[in-house]
Amino acid sequence: MRGQDIERLSLRMIRSVLPSYALPEAYTFLFERIVHATADFSLLPLLALKEGFVERFFESLTPGYTIFCDVAMVQSGVNEKLLRKSGVQLATFVHTKACDQRARKHRLTRAAASVDFACEQGIRGFVFGNSPTGLGRLLEWIARGYRVDWVLACPVGFVGAAEVKEALLRLPVPALVLRGPRGGSPIAAAALNALLREFLRRKSHA
């Protein structure tokens, strides 16, 4: 069986189960890909999709739009063909020397320092698949008046992850959030791929 056939069969199996979770049917394209990437239906009740998130995501994708990824694992999991066709670029700063130096100087985590670099460059779309402290730093920027287009938040961890995600949900910010301590780069990358794929599909039918 070819890879494409395996994918089709997997998605067919997933779609047969999704109706039992009473999720918004319009966003099946997103839910099915998260399950496909993780083989884990138990994530679905933890997903909080704020009203307007998907629409704002699509509106933001103008040519050359930059999306921040908190770690390289998220960035490496995003389909390059989807990026190229959508005209979007990704930015990750956490592994740079400048980020490490700033983190040491200001006693921040590198993830938090990387968010500073993103905001200073005017990036408005954010994907977190690893670091609660990075998301927490973004919330500090928002509290000071920084405007974001949307946030995709799946940071993972026992310390602070659940709390910072709940704090995000209380803000008037378009967001997709995996609640609780669970998360991870594969989930974040799968969600971003699904959104980019649907963006291109809608664009081709416009």
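**A buried glycine, a covered strand and some charged pairs**

G134 has its place in helix 8, which spans residues 132-143. The model is a predicted one, and G134 makes a handy starting point. With a relative accessibility of 0%, G134 counts as buried, because the cut-off for that label is anything under 20%. What does G134 touch, leaving aside residues up to four places away in sequence? Its contacts are A111, A112, V115 and F128. As for I123, this residue sits 11 residues from G134 in sequence, and the two C-alpha atoms are 14 Å apart in space.

Next up is strand 2, made of residues 66-69. This strand is covered on both faces: T66 and F68 point to one side, I67 and C69 to the other, and all of them are buried. Strand 2 also has strands to pair with. Strand 3 (residues 89-91) runs parallel to strand 2, with 3 bridges between them, and here I67 has L90 as its bridge partner. Strand 4 (residues 125-128) is likewise parallel to strand 2 and joined to it by 3 bridges. In that pairing, F68 is matched with F126. Strand 4 also brings the story back to G134, since F128 is one of the residues that G134 touches.

Then there are the charged side chains. Side chains of opposite charge can pair when their charged atoms come close. Across the whole structure, a search turns up 14 salt bridges. One of them is in helix 8 again: R137 and E140 meet there with an N to O distance of 3.0 Å. These two lie 3 residues apart, or about one turn of the helix. R137 counts as buried at 19% relative accessibility, while E140, at 38%, counts as partly exposed.

Helix 10 (residues 185-204) holds E198 and R201, again 3 residues apart and about one turn of the helix. They form a salt bridge in which the closest N and O atoms are 2.8 Å apart. Is each partner buried or partly exposed? E198 counts as buried, with 8% relative accessibility, whereas R201 is partly exposed at 42%.

Finally, R2 and D5 form a salt bridge as well, their closest N and O atoms being 3.3 Å apart. R2 is exposed, with a relative accessible area of 55%, and D5 is partly exposed at 26%. The pair does not stand alone, as R2, D5 and R8 are linked in a network of salt bridges.

Methods. Residues numbered from 1 in each chain as written. Predicted model: local features only at pLDDT ≥ 70, side-chain atom pairs only at ≥ 80, totals over all residues. Heavy atoms only, no water. Buried < 20%, exposed > 50% of the residue type's maximum accessible area, 1.4 Å probe, protein only. Helix = DSSP H or I, 4+ residues; strand = E, 2+ residues; numbered from the N terminus. Pairing = 2+ DSSP bridges. Contact = heavy atoms within 4.5 Å. Salt bridge = Lys/Arg side-chain N within 4 Å of Asp/Glu carboxyl O.
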